[in-house]
Amino acid sequence: MSSNTDTAGSIANKTAGSEQSGPAVAASPNPLSFFAGMRLSELLGVVPFLVFAVMFLIAPTLFLVGAAFLDDAGNFTLQNILDLGSPQIVASFWISIRVSAASAFLGAAIGLVIALAVIRGRLPEGIRSAVLTFSGVASNFAGIPLAFAFLATLGRLGLMTVILKLVGLDIYKAGFNILSFWGLTITYLYFQIPLMILIIAPAIDGLKKEWSEAAATLGATPAQFWRYVGLPVLWPNLLGTLSLLFANAFGAIATAYALTGSSLNIVPILLYAQIRGDVLHNPGLGAALALGMIVVTAFANVLYLIVRTRAERWLK
């Protein structure tokens, strides 16, 4: 009996001690506790990324934000921001938004179909590996090489243009032009589709086969499964990927400049003309244009991060 009493007393003492020590720990949080469990080698491993981010992302962004509110004499002004409302600049933003939205929607739709085919379809495993490998390369293939490739393929004397003429189809007489809105949109699809495949592939892998099997057992058709189960699960990822594709196209300049030159008045080309041009040289307005682009792309990326965070539970 005394043994049981001693045991109960020791348990009560331990419980009381833990209750007393608990609030004491919570009452004095250490602001450096996040780094307490990290070794010096782990901290040093993050330093190159921090230095790179500060030098090539944070510092240039702060410089552009400041330069947008300065005139040629270095005085504070709001004229650069007010000039963003001029018809030419508003039209350039509208064209850029249209091109980015069109390439994002088409890239997302085509990329989703391809990803579903190679991941959920009954295709050999080697095809999936080949598609994902190619997507990793093609999603980073842009700039002058991509512009030259499409000019050599769909230009007025391009390979596909000549082949289609031989079969009686002249795409330029039909209204197509590689230097137009749809020409730039099609060119952007070359890296938008692979990027969509890479981003949506983990979400498709997160669709458990048990869900489709259970739906089939209950009498649901494949179309009903995708309507009531598959697409609702993928929907947050699709929305997040759309915003990321939009931001990816909105900030592209090398491909558009090499392909269309000044024939298509999009924001990156207009910004380049304001900063480096001989006629439209206005660094303050160029900084204001860059600030406008930062706001648009930041909104798209923040939307992607929010939607992606909410969709993480479906990937487990």
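Contact here means heavy atoms within 4.5 Å. In this predicted model, Met-196 touches Gly-107, Ala-108, Gly-111 and Leu-112. Leu-238, Thr-241 and Leu-245 are also touched by Met-196. Residues up to four places away in sequence are not counted.

Met-196 also belongs to the largest nonpolar core, which has 44 residues. Met-196 is among the residues with the most contacts inside this core, together with Ile-89, Ile-200, Ile-204 and Leu-289. Five helices each supply at least two residues of the core: helix 5 (87–119), helix 9, helix 11, helix 13 (267–276) and helix 14 (283–311). Helix 9 gives the most, with 10 residues. Another core lies apart from this one. It has 22 residues, including Ala-102, Leu-146, Ile-266 and Ile-269.

The largest pocket was examined next. About 440 Å³ of space lies in this pocket. Its lining comprises 18 residues. Nearest the pocket centre lie Arg-120, Gly-121, Lys-209, Ser-212 and Trp-226. By class, the lining has 9 nonpolar, 6 charged and 3 polar residues.

Three helices each supply at least two residues of the pocket lining: helix 9 (181–205), helix 10 (209–217) and helix 11 (222–250). Helix 10 gives the most to this lining, with 5 residues. Helix 9 and helix 11 thus appear in both settings. Each supplies at least two residues of the pocket lining, and each supplies at least two residues of the largest nonpolar core.

Notes:
Residues are numbered from 1 along each chain as its sequence is written. This is a predicted model: local features need pLDDT of at least 70, side-chain atom pairs count only at pLDDT 80 or more; totals for chains, interfaces and linings use all residues. Side-chain values use heavy atoms; hydrogens and water are left out. On a 1 Å grid over the protein atoms alone, a cavity is a set of points where a 1.4 Å probe fits but cannot get out, and a pocket is an open set with protein on both sides within 12 Å along at least five of seven lines; lining residues have an atom within 4 Å of a point. Grid points are joined across faces, edges and corners, and a volume is the space filled by probe spheres set on the points. Helices (H or I, at least four residues) and strands (E, at least two) are DSSP runs, numbered from the N terminus. Ala, Val, Leu, Ile, Met, Phe, Trp, Tyr, Cys and Pro count as nonpolar, Asp, Glu, Lys and Arg as charged, and the others, Gly among them, as polar. A nonpolar core is a set of buried Ala, Val, Leu, Ile, Met, Phe, Trp, Tyr and Cys residues joined through side-chain atoms within 4.5 Å. Buried means under 20% relative accessible area, exposed over 50%, partly exposed in between (1.4 Å probe, protein chains only).
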